[in-house]
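Got the viewer open? Set it to cartoon and follow along, one selection at a time.

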Amino acid sequence: MYRNIDWDAITIKNNFLFQETLRNKSLCKQLLERVLHIQVKTIRYMETEKTMKAQLSSKNTRLDVYVEDKGGNVADIEMQTTDTKSVINYDERDEKTIIRELPLRTRYYQNIIGTNMLRRGMHYRELRKAYVIFICTFDPFGAGLPVYHFTYRCKENGNLQMGDLTENIFLNVKAADKTDDEDLAAFLRYVNGQKPDSSFTKKLDEEATRIKNNDDWRLKAMTLDMEIQDMKKRIAKREREKGKQEGKHESKIEIAKKMLDDGMDISKVAKLTNLSVKEVTALA
C-alpha cells in the first residue's frame with residue numbers, strides 16, 4: 001500500500017526530483033557554469049544515477065548526475081541532505097557520520113570516474129578534468145564557507161598544484177549570504193528553501209514544479225519510495241532475526257558455563273547445547 005506523499009512539500013533537495021530536474025541539459029549546463037565559473041561547452045551526454053565501479057571486485061556506486069562535455073571533461077553532481085523527513089531519501093544517517101564520510105566518498109568517486117574515463121589502450125595524458133560537486137544542506141567542514149574548493153597542492157609550497165586535473169567542490173547552502181557571487185548565492189538560497197529570486201533559480205523551480213506535477217514522475221517516485229520502504233523493512237527484519245540468533249547463542253553459552261561449573265563432561269555439554277566441542281572447550 002502506497003503511503004500518502006505530500007507533493008507540495010517536496011523541494012529540489014529531494015534526490016529523485018533533483019536528478020530529474022537536471023536532466024534538462026540547459027539547466028545542468030547553467031548550474032555547472034555558476035559553480036565552476038567556466039564556460040561549459042555543449043554537454044555530450046548526461047545520465048542520472050549512473051552506476052559505476054572501478055573493477056569487477058569493487059563496490060558499486062550510483063552517481064546522481066553524471067555529465068560529460070564536448071571536450072571529455074566530466075562532472076558528477078550530488079545532492080547531500082540529512083533531512084530524514086523527506087520522501088525518497090536514500091541516506092538517513094546522522095549528519096556527523098555523513099560529514100566524516102564525504103571526503104572518502106569524494107576520493108572513491110574520483111577514482112572510478114578516472115577508471116571509466118581511461119579505456120583500454122589509452123594513455124594517461126588522455127585523461128580530462130574531473131569535477132565532483134556536493135551540494136550540502138549542512139556545513140560539511142564547519143568553517144562557515146559557502147564554497148569549499150579542493151585541489152591537490154604541494155604541502156611544502158601551497159602555490160604549487162599537482163595538476164592531476166581533479167577538483168572537488170562542496171557547496172554549503174547554509175552560507176549563501178557569505179558569497180559575493182550573487183548567481184551562486186541565489187542558487188544556494190533556493191536549495192535552502194527560499195523562494196527563487198534569480199532568472200536561473202526561477203527556471204529551475206519551474207522545471208522542478210512541472211516534474212512534480214507530472215503523473216508519470218509521481219508514479220515512478222511512489223514506486224521507488226515503496227521499494228525503499230520495503231527494503232528498510234527487510235533490513236530491519238534481518239537485524240531483528242540476527243539479534244534473536246545472537247541472543248540464543250549467548251544463552252547457550254551461559255548454560256554451557258553453568259554445566260561446566262557443575263563438572264559436566266565437555267562432549268556432553270556440547271551435545272546438549274548444540275555448541276561445538278571447540279566452543280565449549282574454550283569456555284572450560
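**The whole chain**

Start with the cartoon: the chain has 8 helices and 6 strands. Keep in mind that this is a predicted model. Walk along from the N terminus and you'll meet the elements in the order α-α-β-β-β-α-β-β-β-α-α-α-α-α.

Now switch on a surface. The chain exposes about 17,500 Å², with carbon and sulfur atoms supplying 49% of that area. Of its 284 residues, 40% are buried. If you draw contacts with a separation of 6 or more, 58% of them join residues 24 or more positions apart.

**Into the cores**

Select Leu32, Ile77, Ile135 and Phe187 next: these have the most contacts inside the largest nonpolar core, a set of 40 residues. Helix α2, residues 25–36, is the top contributor to this core, giving 6 residues. Zoom in on Leu32 and look past its neighbours within four places in sequence; there you'll find contacts with His37, Val40, Val67, Ala75, Ile77 and Ile133.

Then pick Ile98, Val132, Tyr148 and Phe170. They are among the 16 residues of a second core, separate from that one. As general background, nonpolar side chains in soluble globular proteins tend to be buried together.

**A wrapped helix**

Which residues of α4 are buried? Colour residues 182–191 to see: helix α4 is largely enclosed by the rest of the structure, because 8 of its 10 residues are buried. Those are Leu184, Ala185, Ala186, Phe187, Leu188, Arg189, Tyr190 and Val191. Phe187 should look familiar from the list for the largest core.

To see what does the covering, show α2, β3 (74–80), β4 (130–136), β5 (147–150), β6 and α5 (199–212); the cover over the buried residues of α4 includes these elements.

**The second largest pocket**

Last stop: the second largest pocket, which holds about 440 Å³ of space. Show Gln110, Asn111, Tyr152, Asp164 and Thr166 as sticks, since you want the residues closest to the pocket's centre out of the 21 that line it. Two elements each give two or more residues to the lining, α3 (95–117) and β6 (166–172). The largest share is from α3, with 8 residues.

Finally, colour the lining by residue class. You should get 11 nonpolar, 7 polar and 3 charged residues.

Methods:
Residues are numbered from 1 along each chain as its sequence is written. This is a predicted model: local features need pLDDT of at least 70, side-chain atom pairs count only at pLDDT 80 or more; totals for chains, interfaces and linings use all residues. Side-chain values use heavy atoms; hydrogens and water are left out. Helices (H or I, at least four residues) and strands (E, at least two) are DSSP runs, numbered from the N terminus. Buried means under 20% relative accessible area, exposed over 50%, partly exposed in between (1.4 Å probe, protein chains only). Contact means heavy atoms within 4.5 Å. Accessible areas come from the Shrake-Rupley method with a 1.4 Å probe; for residues, only the protein chains shown count as cover. A nonpolar core is a set of buried Ala, Val, Leu, Ile, Met, Phe, Trp, Tyr and Cys residues joined through side-chain atoms within 4.5 Å. On a 1 Å grid over the protein atoms alone, a cavity is a set of points where a 1.4 Å probe fits but cannot get out, and a pocket is an open set with protein on both sides within 12 Å along at least five of seven lines; lining residues have an atom within 4 Å of a point. Grid points are joined across faces, edges and corners, and a volume is the space filled by probe spheres set on the points. Ala, Val, Leu, Ile, Met, Phe, Trp, Tyr, Cys and Pro count as nonpolar, Asp, Glu, Lys and Arg as charged, and the others, Gly among them, as polar.
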